[in-house]
Amino acid sequence: MPAQSELERRLSQRQQLIRPARLQTSGRLTRVVGLTFEAIGCRASIGSLCAVETSAGEVVAEVVGFSDDILYLMPADDAHGVIPGAKVRPLTDQSGIPLGIELLGRVIDGAGEPLDGKGPIQTQRRASRQREKLNPLARRPVREPLDVGVTAINALLTVGKGQRMGLFAGSGVGKSVLLGMMTRGSTADVIVVGLIGERGREVKEFIEDILGEEGLRRSVVVAAPADQSPLMRLRGCETAAQIAEYFRDQGLNVLLLMDSLTRYAMAQREIALAIGEPPATKGYPPSVFARLPALVERAGNGGDGQGSITAFYTVLTEGDDLQDPIADSARAILDGHVVLSRRLAEQGHYPAIDVEASVSRVMPQVISAEHLQHAMTLKQLYSSYQQNRDLISIGAYAKGSDPKVDQAIQMMPMLQRFLQQGMLDVSPFDDCVTVLGQIASRIK
């Protein structure tokens, strides 16, 4: 009937005008234990953010777990002023970190907020921490060397574009200085530095004294000092990786320096233990060893038309113990490792790279056969001296006992001069290879 069809038409128009109301449920805080908040009455997914009411306003916390109807949250900032039964509401506006060329020369925290006092960072794109994993078969193989400006690495531990290297060192042997040398001497287009869990004093000293104005100009520094919450330290590493991924997707070659992978593991350990995950290996819960490869695999070469991320992850070896669980796990998932020796540092040999204990697994694929032969010749001579160092130092070695050792003793001053380098010096890759060939030609 015409009247009924007209009524149906008007009802259809009215239905289109109706918009479903977005109901935002809020809960309340029931318990605070250590760094963990427990809330009931609200629904939120893992990784989402909530605002927790305090006596001084609100503090932002991230959902890190749940049990039945209880949400476990970890605050991003100081939780001073939290009150019992405080209101907890999920945040609908969860803008991600800024991504763009405007990040170059800036210092930001784990959430992407500026720390350098240069004003807000205005970029056209902001991205959440969710990302698409690269198909391993879509990645280009590592075939080109990357110049890092450090003689010992360029000549004897050559790094390829897209390689992931570990920098294993105890405290106070010069790892931060070595990272600064690579930022100044590298030929990478963009450098992303993650300073995670460092002392606040060291952050500023690294930026001003080690990185310098020239190095900062083409770098992005993500800083999450030791006094920040474990959540912010965890975010700091992931933010640095995401920024590096952005520049790689633009077709640029990126050098990612992460100091340190150990602090990342410790931050995850704090969070996991706080929400009740049982410890497994030397106090580290299983989730730590699941997140390490997930972070490391974000580096590497991209697909066709994309650039590369060459990454150096520092690993703190407690008491110079290379069998530490984090160090042992890192060695298995990285493409090589550079070991810094406390003995060399005590002798004033900088950078204190122990070429005998270090290895680059992709070196044969990125250099010429002649370069590889020269590097092997020099390392064999260096190893001959180190194996007899104690006998030589006390005068117990009799000259003529071994011609190889005799030549090593004669050439050791030249090798030491070759492997040592000033903090502000830059050694181009071609120059390192040329001098290496000259030294190797003198070895019989």
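## The largest pocket

Helix α5 is the top contributor to the lining of the largest pocket, handing over seven residues. Keep in mind that this is a predicted model. The space inside that pocket comes to about 1,300 Å³. Its lining takes in 49 residues, and the ones closest to the centre are Gly47, Glu62, Arg129, Arg235 and Glu238.

Who else chips in? Which elements each supply at least two residues of the lining? They are β4 (57-67), β9 (125-127), α5 (230-249), α6 (261-274) and α7 (286-296). As for chemistry, the lining splits into 20 nonpolar, 15 polar and 14 charged residues. And where does the pocket sit with respect to the domains? Domain 1 (27-90) and domain 2 (105-366) both give residues to the lining, so the pocket lies between them.

## The bent helix α4

Helix α4 covers residues 200-217, which is 18 residues. A straight helix would reach 26 Å at 1.5 Å a residue, but the end C-alpha atoms of α4 are only 21 Å apart. What goes with that shortfall is a kink of about 95 degrees in α4, centred on Leu211.

Leu211 also turns up among the buried residues of α4. The rest of that set is Val203, Phe206, Ile207, Ile210, Gly212, Gly215 and Leu216. As a reminder for reading such a list, an α-helix has 3.6 residues a turn, so residues three or four places apart point the same way.

## Backbone oddities

Two cis peptide bonds are worth a look. One runs from Asp259 to Ser260, with omega near 15 degrees. Ser260 belongs to the loop between β15 (253-259) and α6. The other goes from Tyr350 to Pro351, with omega near -10 degrees, and Pro351 is in the loop between α9 (342-346) and β19 (359-360).

Then there's Asp68, which has a positive phi of about 55 degrees despite not being a glycine. Asp68 is in the loop that sits between β4 and β5 (70-75). Is Asp68 buried or exposed? Its relative accessibility is 74%, and the cut-off for exposed is over 50%, so Asp68 counts as exposed. Asp68 and Ile243 are 175 residues apart along the chain, and their C-alpha atoms are separated by 36 Å.

## Met363 and Ser401

Met363 is part of helix α10 (residues 363-366). The relative accessible area of Met363 is 6%, and buried means under 20%, so Met363 is buried.

How far apart in space are Met363 and Ser401? From C-alpha to C-alpha the gap is 34 Å, with 38 residues of sequence separation.

## The whole chain

Zooming out, the protein chain has 444 residues, and 51% of them count as buried. Its secondary structure adds up to 14 helices and 19 strands. Along the principal axes, the C-alpha trace spans about 110 × 50 × 40 Å.

Notes: Residues are numbered from 1 along each chain as its sequence is written. This is a predicted model: local features need pLDDT of at least 70, side-chain atom pairs count only at pLDDT 80 or more; totals for chains, interfaces and linings use all residues. Side-chain values use heavy atoms; hydrogens and water are left out. On a 1 Å grid over the protein atoms alone, a cavity is a set of points where a 1.4 Å probe fits but cannot get out, and a pocket is an open set with protein on both sides within 12 Å along at least five of seven lines; lining residues have an atom within 4 Å of a point. Grid points are joined across faces, edges and corners, and a volume is the space filled by probe spheres set on the points. Helices (H or I, at least four residues) and strands (E, at least two) are DSSP runs, numbered from the N terminus. Ala, Val, Leu, Ile, Met, Phe, Trp, Tyr, Cys and Pro count as nonpolar, Asp, Glu, Lys and Arg as charged, and the others, Gly among them, as polar. Domain bounds come from an automatic or database domain assignment. The expected span of a helix is 1.5 Å times one less than its number of residues. The bend at a residue is the angle between axes fitted to the seven residues ending there and the seven starting there. Buried means under 20% relative accessible area, exposed over 50%, partly exposed in between (1.4 Å probe, protein chains only).
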